[in-house]
Structures are given as C-alpha cells and as structure tokens.
Amino acid sequence: MVSLVRWAWSVALTLLGLALVTFAMTRLSPIDPALQLVGDHASQSTYQQARQELGLDQSLPIQFLHYLGTALSGNLGQSISTGQPVAKDIARTFPATVELATVAILIGAGLGLALGIAAAMRRGTWIDSLCRLVSLVGYSVPIFWLGLLMLLLFYARLHWAPGPGRADVVFQYSVKPVTGFALVDTLISGKAGAFLDAIAHLALPAGVLALHSIAAISRLTRASIITELGQEYVTTARARGAGLWRVVFVHVLPNLSGTILTVVALSYASLLEGAVLTETVFAWPGIGRYLTTAMFAGDMPAILGATLVVGTAFVLLNALTDIGVTWLGARKTR
Amino acid sequence: MSLRSFRAALLGAAFSVAVLPLASFAATPDDTLVVAQSIDDAVSFDPAEGFELTTVQSFNNLYQRLVQSNRDDGTKIEPALATSWEAGSDGKSLTFAIADAKFASGNPVRPEDVIFSLTRAVKLNKSPAFILNEFGWTADNVDAAVTKLDDKHVKLSWAADVGTGFALSLLTAPIASIVDEQTVSAQIKGNDFGNEWLKANSAGSGAFVIANYTPHEALVLQANAQSSNKPKLENIIIRNVPDVGARRLLVEQGDADIARGLSADQIEALKTKSGIKVLAVPSARTDYILINSKANPTLGNPAFWEAARYLVDYDGISKSLLRGQSSVHQAFLPVGFPGALTDNPFTLNVEKAKKILADGGIKTPLKIEFIVFNDQPFLSIAQSLQSTFAQAGVTLDIQPGVASDIYARGRAGKFEMTLRYWIPDYFDAHSNASAFAINKDNSANTVAKQAGWLIPELTAETLSAVKEQDGAKRVALYEDLQKKIQQSSPYIFTLQGNDQVVLSDKIKNYAQGLNADQVYYDKVEK
C-alpha cells in the first residue's frame with residue numbers, strides 16, 4: 001500500500017514537471033498563438049480580443065495555474081487550432097496511434113526476437129548477415145523516406161497496398177467509430193470488407209514503423225544471447241549434452257527475459273509518443289501529428305493535453321514493465 | 001524444431017507481413033469527389049470566423065450571400081439570396097429584395113436571417129470582422145444598421161464614407177454569408193451566437209452541407225436536398241493528406257480526383273502522365289518584399305527602395321524556381337482586378353542598381369536582416385534575392401521564422417526586410433489599397449504602417465477612391481495609386497500566384513476563380 005502511494009505521488013510529480021516544462025517551452029517559443037489564430041489581416045481589436053480569450057493577457061504563472069486548475073477538474077480546454085475540446089481530439093487521435101504502435105510492436109517484437117535468436121545461433125551465416133543488414137537499415141534509413149518508398153513500391157507500382165489513410169473512402173464513413181480503433185470498430189460493425197480494408201491500411205505504416213523496432217530488438221537479442229552463450233552455466237549445460245536449441249530456449253532466454261521485455265517496452269513507448277513522420281506520410285490522424293500541428297500553431301491547450309496523455313501512457317508502461325521484470329526475476333529465483 | 005523448419009517459419013512470418021496489405025482498393029465512387037489536400041489550417045467553418053484557406057474555399061459551397069461575385073469575372077456582382085437591390089439616395093444605404101430560397105433545414109430565407117448573420121459577425125469580432133467594420137459597423141451600432149422593412153426586404157445602412165459599389169463588394173466576402181437563424185439559435189451557448197456549433201457544422205443555403213468534419217482528417221460535404229442549385233455529385237470528401245508526395249500518389253493512382261498544393265517539380269512530372277490534367281488558375285495572391293523604412297536611415301532612403309527594384313531576378317524566380325506557379329507582377333492589384341497595372345517596368349539590372357545606390361549616397365557593402373517564412377518557396381526565393389542583392393554589395397542575412405513570429409515582428413516594426421504575400425479579403429481594389437496605401441497616422445494596422453511609411457496624401461487618395469460612385473473614375477484612381485507606389489515605396493511587388501490543381505481527367509466542370517474563396521464543386525461531374 002505504501003509503495004503504491006509512493007508510486008502515485010511520483011507519477012503525479014512527473015506529470016506536473018512535464019506540464020511545467022512543456023508550458024515553459026511553448027511559451028518561450030516565438031509563436032504568438034493569438035496572431036496564429038486570427039491572422040495578420042485581422043484588426044487590432046480582434047487580435048486583443050483573441051489574446052484575452054486565450055488568457056494571454058495574464059501573467060505566465062497565472063496562466064499555468066489556471067490551466068492546472070481546469071485540467072484537474074477533468075477539462076483539458078479547447079484546442080485553438082481545431083476549435084474542438086482537447087479531450088475529444090485526443091480521444092480521436094490517441095487510439096489511432098495506439099493501434100498503429102501496437103501492431104508495429106507486435107510485428108517488431110516477433111520478427112526482432114526471431115531474427116536476433118537465429119542470428120545468435122548461426123553466427124557468420126546468411127541469417128546473421130541479414131540481422132546486421134536489418135539493424136543497419138532500421139537505424140540508418142530515415143523513416144520518412146522509407147515510408148514514401150514503401151508507398152511507391154507497394155501502393156503505386158505493385159498495387160499490393162492501399163494508399164495513405166486509415167480506410168478507403170467507401171468504408172471510411174460507413175463504419176461508426178465506437179472505440180476509435182479501426183480494427184475493432186470495423187470488426188464490431190460486422191462488415192468484413194471494412195475489416196480487411198482496415199488491416200490493409202495498417203500494414204504498410206505498421207511495417208515501416210516495425211522496422212526500427214526489429215532493428216533494436218534483434219540487435220540486442222543477438223548480442224545478449226552471444227554473451228550468455230559464453231557463460232559457464234551454458235558450457236556446463238552443453239557438456240551435459242543439452243543441444244543448442246534447448247540451451248537457448250530453456251536456459252538463456254529466461255535469463256534474458258527482463259532485458260528483452262525492457263527493450264520491447266521502450267520501443268513500444270517510443271512508438272506511442274507518436275511516430276510523427278510515419279503519420280505524416282501515411283496521412284494517419286494520430287497523436288503525433290496532432291501534437292506537431294499544435295506546436296506549430298502555439299496551441300497550448302492541445303500541446304499540454306496531448307503531452308500529459310502521452311506522458312501518462314509512458315509512465316504506466318514503465319510501471320508495467322517494472323512489474324513484469326520483477327515478476328520474471330522472481331520466477332527465475334524460484 | 002529443425003533449423004530448416006525454423007527458417008521456413010521465419011520466412012513465412014516475413015512473407016505474411018509483405019502480403020498482409022493485399023486488398024482490393026477502390027477508385028473513387030461515381031457520386032463522390034475526393035480531394036487530397038492539407039486541411040490542417042482549418043480552425044472554424046463558421047463564416048463569421050473562418051479565415052483560413054480550407055474554410056474559405058468551402059464557404060461558397062455551403063452558404064450563399066445576398067450578392068456574389070460572378071464565377072468567371074469576379075468584378076461583376078450578381079444576385080444570390082437577393083433578387084435585386086436599390087441604393088439609397090444618400091449613397092449610404094442599400095435595400096435588398098430577398099429571394100424565395102430555403103436553407104438546408106427547410107426553413108425559408110427571411111430578413112431575420114440576414115439581420116442575424118450580419119450582426120452576429122460584427123459582434124463576434126473574429127478574424128474577418130474587419131471587412132464588415134469597413135461599413136463603420138461596430139457591436140454597438142450594427143443592430144440599427146441592418147433592419148427589416150417587410151417580410152421580403154431588408155435595408156443595410158452605414159455611416160462610413162464608402163460608396164454603394166464598394167459596399168456590394170464587401171457583401172460578396174464569405175463573412176457576409178447568410179446563416180439559418182432558426183437552426184443556429186437552437187445551438188447558441190451563452191453569448192456565442194452559435195459560434196461553437198458552427199465551427200464544425202453548417203446552416204446555409206448553398207449546394208452542400210457539412211455531413212462530417214473531423215479536424216486534421218477530413219471534411220465531408222453532402223448535397224443539400226433543399227438547394228435550388230442541385231449539385232451534380234452527392235458527396236465531396238476533402239481528405240487531409242499532409243505530405244505532398246502522398247497527395248501526388250493518390251491522384252496518380254485514382255484514389256483522389258483532385259490534388260492541391262503540389263510542388264513545381266511534382267506538377268512538371270505529372271504534366272505528361274495519362275489520365276491526369278493540370279489546371280492552372282490565376283490567383284489574386286501577390287508576393288512582395290517589405291522594407292521597414294524606420295529600421296535605419298539606409299532602409300528609409302527612397303534610393304534604396306528604387307535600387308532594390310533592379311536587384312530582383314523576376315524572370316529567374318518565376319520561370320526557373322516556381323515554374324508556372326507564379327508570374328511576374330509588379331503592382332499591388334493583381335491582374336483580374338479592375339485597374340490592375342499589367343506592365344512590368346523592372347528587370348534585374350545590377351549596374352543600374354549600383355548607380356542608384358551611389359547617387360543616393362548609400363555606401364556598400366551593407367548588411368540587411370531578411371526574415372523569411374520557414375517554408376518553400378519563400379526560402380528558395382530568398383536565396384535568389386540574396387544572390388542578386390550581393391552583386392550590388394548588399395548582403396541579405398536570411399533568418400527563417402514561423403509565420404506568426406514574422407507577422408508579430410511586422411506589427412511591432414521589429415524587422416529590416418521581409419518577404420511576404422497578400423491575398424485580397426474580398427473582390428475589390430480597396431482590399432489591397434487599404435493595406436498598401438493607407439497610413440495617415442500609424443493608427444491602423446496596415447502594411448504601410450508596418451513599413452513605417454507615413455503617407456497622408458496617398459491615404460486621402462485611397463479614401464476618395466473607396467467612396468467614388470463612378471466606376472471609371474474609381475478605376476483611374478487605383479491606377480494612379482499603383483503607379484505612385486510602383487515608382488517609390490518600401491514595397492517591391494514581384495509575383496502574382498498561379499494555382500495549379502491536378503485533376504483526374506474524368507473530372508469535368510471544376511471551377512475555381514481568382515479569389516481564394518472562389519472554389520466551386522456544385523457543377524463538378526465525373
């Protein structure tokens with residue numbers, strides 16, 4: 001109970017710090033939200049009215065305290081750039097990012113682990129070379145460029161994939177959004193065509209995003225397994241006649257589970273922050289693009305709201321990872 | 001598991017990722033027009049507030065005004081919700097006869113709707129309110145200025161010294177759109193005049209209604225069943241595709257019927273593609289260099305303004321950099337507006353510029369801080385200017401910045417030189433003249449004020465032009481104003497925009513006019 005309270009307190013402090021830093025950075029930027037909103041042709045009285053309505057005529061500490069007060073009451077305010085309540089915007093954009101990130105991490109973790117294990121077990125073979133190549137490409141190729149290239153190849157040339165967006169025009173407005181997750185909404189709508197369309201639209205952006213995770217996870221998995229294979233307990237197990245497969249899956253991987261879980265969770269968290277460039281190329285209306293657009297508009301309520309939501313997701317994911325790592329450690333000890 | 005089967009599993013997993021996207025992807029439906037563009041700028045679809053390109057382009061499709069600009073010749077004003085109008089003998093009032101028309105809700109259009117629409121626009125005092133303020137209307141006096149005469153007639157009167165021709169031009173602006181008072185009144189919260197609801201909904205009598213608006217995602221318009229002007233297509237879907245490369249792919253593949261905002265390179269590549277056509281529409285956007293005459297004595301010296309006119313590679317920028325997206329234009333009124341000057345007296349002439357600088361007592365080398373929008377094509381144009389100005393010993397220190405910061409520095413007079421553009425707010429010469437040729441005492445936020453240029457005589461001439469009732473005399477006054485400003489002013493007009501829209505060749509009758517709001521979807525067919 002005490003540790004739970006301590007954890008909740010540290011989460012609250014983290015979010016407060018996050019809000020404060022975000023607020024300060026946004027206010028220090030040269031963007032004038034009022035002028036951004038009304039444009040340069042507007043009269044001085046309109047401009048002054050906008051400043052007043054946005055609370056910009058008050059001191060910075062008052063603005064921040066006012067925001068905190070309303071946020072604590074559950075009101076994240078109204079976005080300057082969309083004219084909609086921030087909570088409504090986030091409820092629409094965050095599921096899009098979560099869906100994309102989740103599919104991407106499932107692909108990334110699955111293929112990354114498989115590739116890392118295979119490369120470690122067959123060092124110096126083609127699979128090891130493939131692992132290094134994927135790592136190199138995943139880390140070094142700009143995701144923006146890769147996204148466009150994938151669209152050009154799979155959409156424009158091969159016609160295997162649909163174009164940018166979350167759904168084809170014929171489905172986009174025939175399925176009622178319930179959860180905000182296209183896969184779930186199309187599934188519960190009972191329209192098989194719409195569900196397949198949603199999968200098809202996810203595949204390319206998720207695949208592009210997954211490449212970075214594959215690179216990180218496969219490289220770490222390979223290196224960790226190779227290190228573990230040099231340990232005495234592995235030599236002992238091998239001396240007792242255990243095959244390589246058994247040694248890796250029964251002895252090595254359980255020892256590495258905490259490390260692997262941590263790197264997978266970190267990859268997932270970085271995807272949840274919003275893969276801005278992927279969302280831009282694939283016209284994916286996620287929170288990354290929402291946040292970026294808000295930043296260019298100096299849209300303080302949207303920036304703070306989105307940052308707090310992403311921050312909370314980050315903190316929760318870290319906490320879950322800690323719990324998972326502790327649990328895995330306890331299992332190992334037993 | 002043997003290594004072979006493991007390899008197979010691995011390859012299978014990779015293959016499944018590759019083939020997962022296999023899906024039939026549809027061309028756009030026959031009754032639907034799909035437009036790929038950026039709609040990230042959209043703030044509000046309330047005509048009393050919306051002042052961004054995306055929202056302004058939608059208003060002609062959602063709303064009607066009392067009068068409208070002719071689609072082909074914007075200088076001609078024609079009836080819309082008013083069947084006729086009559087000017088008052090004092091020249092400061094207009095009486096409109098209301099047409100038998102219905103809003104999308106089925107409610108008839110009444111004088112009360114006109115009164116509600118115009119008065120709420122003034123009282124809300126949002127971005128475009130300054131257009132109606134030209135009448136002298138304020139929140140305090142507008143109720144008395146817009147009055148109902150009977151069930152079919154409404155009278156507009158004003159105190160400002162402006163003529164009826166100009167008044168009609170103001171009424172063609174999107175802010176003068178007529179909204180359905182009964183529908184909007186049901187959505188009013190506090191004293192917002194229904195503004196919050198109208199941000200994402202429509203209540204007009206135009207050819208379409210807003211069926212769905214999802215910020216940063218899509219605007220879906222649906223045919224208005226009540227409209228007397230039935231559109232040919234049932235739906236218009238304006239999709240937000242922020243990346244221009246993706247927009248190009250969508251229109252090439254037939255998943256979008258229209259793509260807007262493509263770069264010059266992309267347009268060039270698409271010109272030869274089959275199934276696609278490029279529509280070039282002159283736009284009223286004019287690009288100019290703004291010099292702050294108060295920044296230092298050199299920048300306030302008319303000799304510098306004159307020399308700078310010969311340090312711009314007009315043809316190079318227009319032909320090599322922008323390749324058809326702009327043409328050379330050197331006056332404040334865009335071609336297409338009455339009285340616009342069409343001659344371009346200045347060309348790049350470094351030697352002449354050097355002589356003017358020397359004769360004007362301006363010593364070189366000199367360095368000027370040049371603030372520029374951190375976006376294309378502004379940065380490319382700035383680099384061209386940097387190169388040509390350098391030939392005369394003038395170093396332009398390019399400082400890229402975000403738009404709002406550059407505008408804020410303009411308002412505060414904290415800049416030396418900047419690259420800007422101007423789009424008229426309504427179809428009348430005064431929209432531009434009031435920006436560039438009015439600054440009597442630094443009291444209004446005009447471009448002339450931002451340039452620190454006090455011009456009481458030009459201000460008087462501009463104000464006499466706006467109240468001139470004789471059309472020909474009015475045009476002559478604007479020609480004279482342009483010539484004076486072209487000769488000597490802290491502005492260098494360089495280009496006029498040319499909107500390039502990429503369309504599938506299945507699309508017929510897409511219409512777009514000179515002004516930003518003149519985008520029409522009602523006649524579009526497939």
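Me: Two residues are in contact if their C-beta atoms, placed from the backbone, lie within 7 Å. On that basis, what is included in the cover over the buried residues of α3(A)?

Reply: This is a predicted model, in which local features need pLDDT of at least 70 and side-chain atom pairs count only at pLDDT 80 or more, while totals for chains, interfaces and linings use all residues. Residues are numbered from 1 along each chain as its sequence is written, and chains are lettered from A and ligands numbered from 1 in the order in which they are written. Helices (H or I, at least four residues) and strands (E, at least two) are DSSP runs, numbered from the N terminus. With those labels, the cover includes α2 (33-38) of chain A together with α4 of chain B.

Me: Why do the buried residues of α3(A) lie on the same side of this helix?

Reply: A residue is buried if 20 or more other C-beta atoms lie within 10 Å of its own, exposed if 12 or fewer, and partly exposed in between, with C-beta atoms placed from the backbone. In α3 (residues 44-53) of chain A, the buried residues are A:Thr46, A:Tyr47 and A:Ala50. They share one side of α3(A) because, judged by the directions from the helix axis to the C-beta atoms, they cover an arc of only 100°.

Me: Which exposed residues does the other face of α3(A) carry?

Reply: After α3(A) comes A:Gly55, with a positive phi near 75°. On the helix itself, the face turned away from the buried side carries the exposed residues A:Gln44 and A:Gln52.

Me: How many helices and how many strands does chain A have?

Reply: Chain A has 334 residues, of which 44% count as buried, and its C-alpha trace spans about 85 × 55 × 40 Å along its principal axes. Among the contacts in chain A with a separation of 6 or more, 72% come from residues 24 or more positions apart. The secondary structure of chain A comes to 15 helices and zero strands.

Me: Which element supplies the largest share of the side of chain B that touches chain A?

Reply: The two chains meet through 54 residues of chain B, which are in contact with 58 residues of chain A. On chain B, the elements that each supply at least two residues of this side include α1 (3-19), β1 (32-37), β8 (208-214) and α15 (403-412). The largest share, six residues, comes from α9(B).

Me: Which strands stand at the edges of the open sheet of four strands in chain B?

Reply: Strands pair if DSSP finds at least two bridges between them, and here four strands form an open sheet in the order β4-β5-β7-β6 (chain B), with antiparallel pairing. Two of these strands have a single partner each, so one side of each is left without a neighbour in the sheet, and they are β4 and β6 (146-150) of chain B.

Me: Which residue in the turn between β4(B) and β5(B) has a positive phi?

Reply: Strand β4 (residues 82-87) of chain B and strand β5 (residues 93-98) of chain B pair in the antiparallel sense over five bridges. Along this pair, B:Ala82 stands opposite B:Ile98, and B:Glu86 stands opposite B:Thr95. The two strands form a hairpin with five residues between them, and the turn residue with a positive phi, of about 75°, is B:Gly91.

Me: At what angle do α12(B) and α14(B) pack?

Reply: Two packed helices are described by the angle between their axes and the distance between the axes. Here the axes are lines fitted to C-alpha atoms over the stretch in contact, and angles run from 0 to 180 degrees between N-to-C directions. The axes of helix α12 (residues 314-321) of chain B and helix α14 (residues 378-390) of chain B lie 10 Å apart, and the packing angle is about 145°.

Me: Which residues make the contact of α12(B) with α14(B)?

Reply: From α12(B), the contact is made by B:Gly316, B:Ile317 and B:Leu321, and from α14(B) by B:Ser380, B:Ile381 and B:Ser384.
One of these, B:Ile317, is also among the buried residues of α12(B), which are B:Tyr314, B:Ile317 and B:Ser318. To name the full contact again, the residues are B:Gly316, B:Ile317, B:Leu321, B:Ser380, B:Ile381 and B:Ser384.

Me: Which residue stands opposite B:Lys277 in β17(B)?

Reply: Strand β12 (residues 276-291) of chain B is joined by six bridges to the antiparallel strand β16 (residues 417-422) of chain B, where B:Asp287 has B:Tyr421 as its bridge partner. β12(B) also pairs in the antiparallel sense with strand β17 (residues 491-504) of chain B, over twelve bridges. In β17(B), the residue opposite B:Lys277 is B:Leu503.
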